[in-house]
Amino acid sequence: MDTGTHLHMDTEQQMDPFEERLWRLREAFNTGKTKAAKFRAEQLLRLGHFLQDNRKQLHDALTGDLGKSAFESDMSEIILCQNEVDLALRNLQAWMKDESVSTNLLTKLSSAFIRKEPFGLVLIIAPWNYPLNLMIVPLVGAIAAGNCVVLKPSEISKNTEKVLAELLPQYLDQSCFAVVLGGPEETRQLLTHKFDYIFFTGSPQVGKIVMAAAAKHLTPITLELGGKNPCYVDDNCDAQIVANRVAWFRYFNAGQTCVAPDYILCSQEMQERLVPALQNAITRFYGDNPQTSPNLGRIINQKHFKRLQGLLGCGRVAIGGQSDEGERYIAPTVLVDVQEMEPVMQEEIFGPILPLVTVRSLDDAIDFINRREKPLALYAYSNSCQVIKQVLARTSSGSFCGNDGFMHMTLSSLPFGGVGSSGMGRYHGKFSFDTFSNQRACLLCSPGMEKLNDLRYPPYSPCSQKLLNQAMGSQSCVLL
């Protein structure tokens, strides 16, 4: 959570601006209103209408916040959100259905199943880099699972925050869903309250604060965090194909993407082939002067601009390096001769800067990756499927993509989330529904036929013990 606009309260105002609103939301959940399939479907339909009706306002807000082109806004925000809504609507009945499980001989005449029930009142805290996508996609799962929801958009992406705060409540049932505003102080105060689930996307540093607040209430939590995503490029590659794919996603949204390739690991020979290929790709994508390109975004604010400007001094600038504080513009940049201990390799870059670090071999690259924190995403490029399989088998990350970047994020069939310091929990598609659902274990037994239970009652005997071992070990599926 970055420094942003703070909401100040007059001394006459109640000290806690959230208490009454949260109480009302919890009361609404307790009526059972959100549990009905019809209500969930209706809210999802309305969410889809919000996306369709306000496409122009959303485009304008995203351009105002991040300089996003309409293409980038559609591809990475609006279309992905709409796809999640459509998927949930198509599958809601199936997702909600009780899931039958196998029984043993002791429970042969009973009904065993898993019921997917909502947690209750959930909190979703979204970041500024994809301020629509990273708010709406988890919201789809929370609605589909039958929860009441508090939404906290980022105050840093202020134009999108305004659209979400002013327009979204017009579409959703305001007794069950609320958008709350504020900066870090208001968010800290919000986190003092008890929620039944918290879903946070942001930095590992703030993730620790959110997790500590959740621990006070033993609240379950999903943390979608960041990290430095490695990108290994094998010598056995077409350098231009690699450069096209890496440059597109490294500089997409001006590099402000949690799953973007954060640095490249390659041999000295591949570096010499890759740099001119990257220059070629950058020029084709953004022209001779990328600052005038309508397809390159801008850094979110002055603070992040200054931070990124400081990283331009690492290694040697091979491509780009220009910046304009007035426009919050940093050119698509490639750094070479970068050392492992330099600042650009110590923190997630979150900007249009790509360091190249040379390694001697595949083993050297894997060792480099494994001695650092586990990343949110990991990429490997090679014409050899054996090389790709080796990187996959010998490393750990939230997601893995061979010979491409970004595209795994377009699949609702794949779970999205981190591991270790890059986060915990999964969402997208049905994984979102599962995240916001309590998997309740249920067994319905007959009130009669008591004679069958004699086996488990004292006094115990060697014979009953033997029979019990057999009965508990025998599995057979009993459908509802």
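Which residues of helix α6 (residues 158-167) are buried? In this predicted model, the buried residues of α6 are T160, E161, V163, L164 and L167.

## Helix α6 and the loop before it

The cover over the buried residues of α6 includes two helices, α2 (37-53) and α3 (55-66), together with α5 and β6. E161, one of the buried residues of α6, also takes part in a contact with S154.

S154 belongs to the loop between β5 and α6. Its relative accessibility is 6%, so S154 counts as buried, the cut-off for that class being under 20%. Apart from neighbours within four places in sequence, the residues in contact with S154 are A126, P127, W128 and E161. S154 and S432 are separated by 278 residues in sequence, and their C-alpha atoms are 21 Å apart.

## The pair α4 and α5

Helix α4 (residues 70-96) and helix α5 (residues 133-144) have axes that come within 9 Å and cross at roughly 5 degrees. Angles under 35 degrees count as roughly parallel, and α4 is therefore roughly parallel to α5. On the α4 side the contact is made by S76, E77, L80, C81, E84, V85, A88 and L92. On the α5 side it is made by N133, I136, V137, V140 and A144. Sorted by class, this contact has 9 nonpolar, 2 polar and 2 charged residues.

Two residues of this contact, E84 of α4 and V137 of α5, are also in contact with H428. H428 lies in the loop between β18 and α14 (430-435). With a relative accessibility of 7%, H428 counts as buried, because the class covers values under 20%. Once neighbours within four places in sequence are set aside, the contacts of H428 are E84, V137, M409, S412, L414 and F416. H428 is 290 residues from P138 in sequence, while the C-alpha atoms of the two are 7.4 Å apart.

## The six-stranded sheet

An open sheet of 6 strands has the order β6-β5-β4-β7-β8-β18, and its pairing is mixed. At its edges are β6 (177-179) and β18 (423-424), each of which pairs on one side only. Within the sheet, strand β7 (residues 197-201) and strand β8 (residues 221-224) run parallel and are joined by 4 bridges. In this pair, F199 stands opposite T222 of β8.

Helix α7 (residues 184-191) lies across β4 (121-125), β5 (148-152) and β7. The direction of α7 is at about 155 degrees to β4.

## The three-stranded sheet

A separate heading is given to the open sheet of 3 strands, which has the order β1-β3-β19 and antiparallel pairing. Its edge strands are β1 (99-100) and β19 (437-444), each pairing on one side only. Strand β3 (residues 111-118) runs antiparallel to β1, and 2 bridges join the two. E99 has I114 of β3 as its bridge partner.

## Strand β15 and helix α12

How many of the 6 residues of β15 are buried? The count is 5, so β15 is largely enclosed by the rest of the structure. Strand β15 is joined to β10 by 3 bridges, and the two run parallel. In this pairing L265 stands opposite V357 of β15. Strand β14 (residues 333-336) also runs parallel to β15, again with 3 bridges. There, L335 has P355 of β15 as its bridge partner.

Helix α12 (residues 362-370) has L362, D364, A365, I366, F368 and I369 as buried residues. These buried residues pack against four strands, β9 (230-233), β10 (263-266), β15 (353-358) and β16 (377-381), and against helix α13 (385-394). Strands β10 and β15, which pair with each other, are thus both among the packing partners of α12.

## The annotated domain

The UniProt record, an unreviewed entry, lists residues 26-440 as "domain: Aldehyde dehydrogenase". Over residues 26-440 the chain is 41% helix and 18% strand. The end C-alpha atoms of residues 26-440 are 20 Å apart.

Definitions and conventions: Residues numbered from 1 in each chain as written. Predicted model: local features only at pLDDT ≥ 70, side-chain atom pairs only at ≥ 80, totals over all residues. Heavy atoms only, no water. Axes fitted to C-alpha atoms, helices over the stretch in contact; angles between N-to-C directions. Parallel < 35°, antiparallel > 145°, perpendicular 65-115°, else oblique. Contact = heavy atoms within 4.5 Å. Nonpolar A, V, L, I, M, F, W, Y, C, P; charged D, E, K, R; others polar. UniProt positions renumbered as here; feature names shortened; annotations may be inferred. Pairing = 2+ DSSP bridges. Buried < 20%, exposed > 50% of the residue type's maximum accessible area, 1.4 Å probe, protein only.
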